[in-house]
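Reader: I'm new to this one, so could you walk me through it? I'd like to ask a few things as we look.

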Amino acid sequence: MKRTKLGKQGTVKGEVPRGSIKKKLLMRTIAPTVIDLLVAGILITIIAGSQIQSLESQNIKNCSLNAANQISEYFTRYIEVSRQLGSNQELIDLFTKTQKGEPINQSAQYKSVMATMTNMHNTDTENIQVCWAADVDSSQCIEDSGYVSEIGEWDITSRGWYTQVLEAGTTIVTEPYENSSTGKMVASIVTPVFDSSKNMIGVAALDLSLDAVTDMMQEQKLGDTGFLLLMTEAGTIMFSNDESLLYSSLLDLGIGENVKEGFKSGTYGEYDYRFSGSKNYGYMQQAGDSRYVVLSGMPSLEYNMDLYKVIGSTVLLFAVIIGVMCVLISRIAMGLVRPIHKLHKVANQIAEGELDVELNVSSNDEIGEVAESIGKTVVRLKDYIKYIDEIAEVLGEIAQGNLLYTLKQDYAGEFGKIKVALENISVTMKKTILGINSSADQVTGGAGQIAEAAQALADGATQQAAAVEELLATVTDISYRVRDNADYAANAANSADSVKKSIEYSNEEMRQLVSAMEEINECSNAISVIIANIEEIADQTNLLSLNASIEAARAGEMGRGFAVVANEVGNLANESVSAVQRSTELIQNSMDAVQRGMELVNQTAKRLEESVNGVIGLTDQMNELSAAARGQVESLSEVESGINQISSVVSDNSAMAEESAASSEQLSAQASTLNEMIGIFVIK
């Protein structure tokens, strides 16, 4: 029996291995649980974080407001004292009556004002350093200690806070400064003093110690690492846990730009900013009329510490929950997997062909039902072993060539189909073997006839191939000769073309000669005209000579010399006429000769033109002959190619005929072998 090869986990090789039930339970249970817990954790973290951050923000705000309120209350009490002093009528009268250049201590109200300032100072000697007042007109300052400045020595308008008081029109707190006598940091609370016309005539002030302010700020605690900064209206830092920042300007610190912009614009409230290399969460608030500003800050680590603790606790709790669930699910999975492993082992044995197996699985659930069904299957398989043994025996007899067999077992179920199939195989194989035997005999006889015919065909093809080769040789020789004739015709055409060009050149030169003869003839005609003119001149000269002789004869002795001249002129005219007559004869002879030459040249040119036409016709005929020769060469090339193809086909036919003969012999041998093989089967 053929067995299917299994892998280590019982899977058929080539198939994708299946995961275990334990892993599936863990994955399908833990994964959704983890996702749910993760979502719940995120929601809890968001809600708790929002609440925690809200509480931290409120704590920061409360701390900042508390500090600002204490500072405000502290300054408000002394601002009120300064305002009471500034509204004192005796002080107003003192400033009104003291004129420029007059000593202020000579006024009737001086002692009363000094007593009032002393009483105010005595109400709080710890914080109030000194009460003082200054007159604008006389530029004098008085203190409760009895100090009075010289006339014109104490100019209010030159003080740094003067413009601020003038613009505010109410009490202000100056920038802190160090008291020269005590060495403590103080701030002046300055109140303007107005007359009945609302003109500022002086100021009433007190110098307030800032030690109490520092003590108030130190009492404020913002977590473990939080801090508080107290700034004046100009940004000077009056309090900081970091002493290196004291009396420096907030605007010069490496602090968030949003804080600087908020401070300059007076925008107070919550801020998150970077300071000292870390992110901080804080609150900025003004301390009432003092215009001091409190800025708080808590580093991000402490601000989010409770949130981090909640996140850590949540993660730890969820990890414990997931661990417990994994243990529980693992135990449940193991209870399911153990009987399945037993069933898997039995199924593997059956799959490997071991049908005689034992199954011991006890379970009260669906797995028990599956085990019971597999147990029934095992019992049934034991009956199938008998069927398999008989089928194996029958197949062995068939392998030995015995087709006469009988099946004894009662095949139940699907095995009944095997019994019917084996019986049908016996009947069918008998018929097939008989048919093959008869066909083999016929193939043997037919193969011999095919071999003889193929051999005869091969001999004929060999003879045809020899004849085609001879024909190809003849055609090749003719092709070479036609190519030579074509070359000769092409050379003759080239020579005729050269002759044609030479005759055309000679004809052109003859035309030029005729043209020259015509020019000579025209020149001779012109000379004849000139000679005729000379003859007329000679006649006129002769007539003139005759007239001169007649006039000389009339003159007598006086005209004798003139008569000699006239006679010589007449002789010259006669000689000229004789010379003209001789020239005329010579020119006429030349013109006759030129005329005869022109006739000869015209005849020669005509004959040359006829020769040119004849050579052109000859050249055209030679070109046509050359083209025809080339056409014959091409035709012979096509014939040669066709014969080569015929030769190739004949050669192929010859080879195929020889192969057919060889195949026929092999077919005959195979038919004999087939008869021998069929002979081993027992069918009768």
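Reader: Is the crossing of helix 2 and helix 3 left-handed or right-handed?
Author: Happy to help, and keep in mind that this is a predicted model. Helix 2 covers residues 89-97 and helix 3 covers residues 110-122, and their axes come within 9 Å. The crossing of these two helices is left-handed.

Reader: Are helix 2 and helix 3 parallel, perpendicular or oblique to each other, and why?
Author: Their axes cross at roughly 135 degrees. An angle over 145 would count as roughly antiparallel, and 65 to 115 as roughly perpendicular. The angle of helix 2 to helix 3 fits neither range, so the pair is oblique.

Reader: Which residues in helix 3 meet helix 2, and what classes are in the contact?
Author: By class, the contact has four nonpolar, two polar and one charged residues. From helix 2 come Glu90, Leu91 and Leu94. Glu counts as charged. Their partners in helix 3 are Tyr110, Ser112, Val113 and Thr116.

Reader: What is the volume of the largest cavity?
Author: Good thing to look for! The count comes to one cavity of 30 Å³ or more. The largest cavity has a volume of about 30 Å³.

Reader: Which polar residue is in the lining of the largest cavity?
Author: The lining consists of Leu210, Val213, Thr214, Leu230, Met238, Phe239 and Tyr292. Helix 5 (211-219) and strand 8 (237-239) each supply at least two residues of this lining. By class, six are nonpolar, one is polar and none is charged. Leu, Val, Met, Phe and Tyr count as nonpolar, so the polar one is Thr214.

Conventions
Residues numbered from 1 in each chain as written. Predicted model: local features only at pLDDT ≥ 70, side-chain atom pairs only at ≥ 80, totals over all residues. Heavy atoms only, no water. Axes fitted to C-alpha atoms, helices over the stretch in contact; angles between N-to-C directions. Helix = DSSP H or I, 4+ residues; strand = E, 2+ residues; numbered from the N terminus. Parallel < 35°, antiparallel > 145°, perpendicular 65-115°, else oblique. Left-handed = near helix turned anticlockwise from the far one by under 90°. Contact = heavy atoms within 4.5 Å. 1 Å grid on protein atoms, 1.4 Å probe; cavity = no way out; pocket = protein on both sides within 12 Å on 5 of 7 lines; lining within 4 Å. Points joined across faces, edges and corners; volume = space filled by probe spheres on them.
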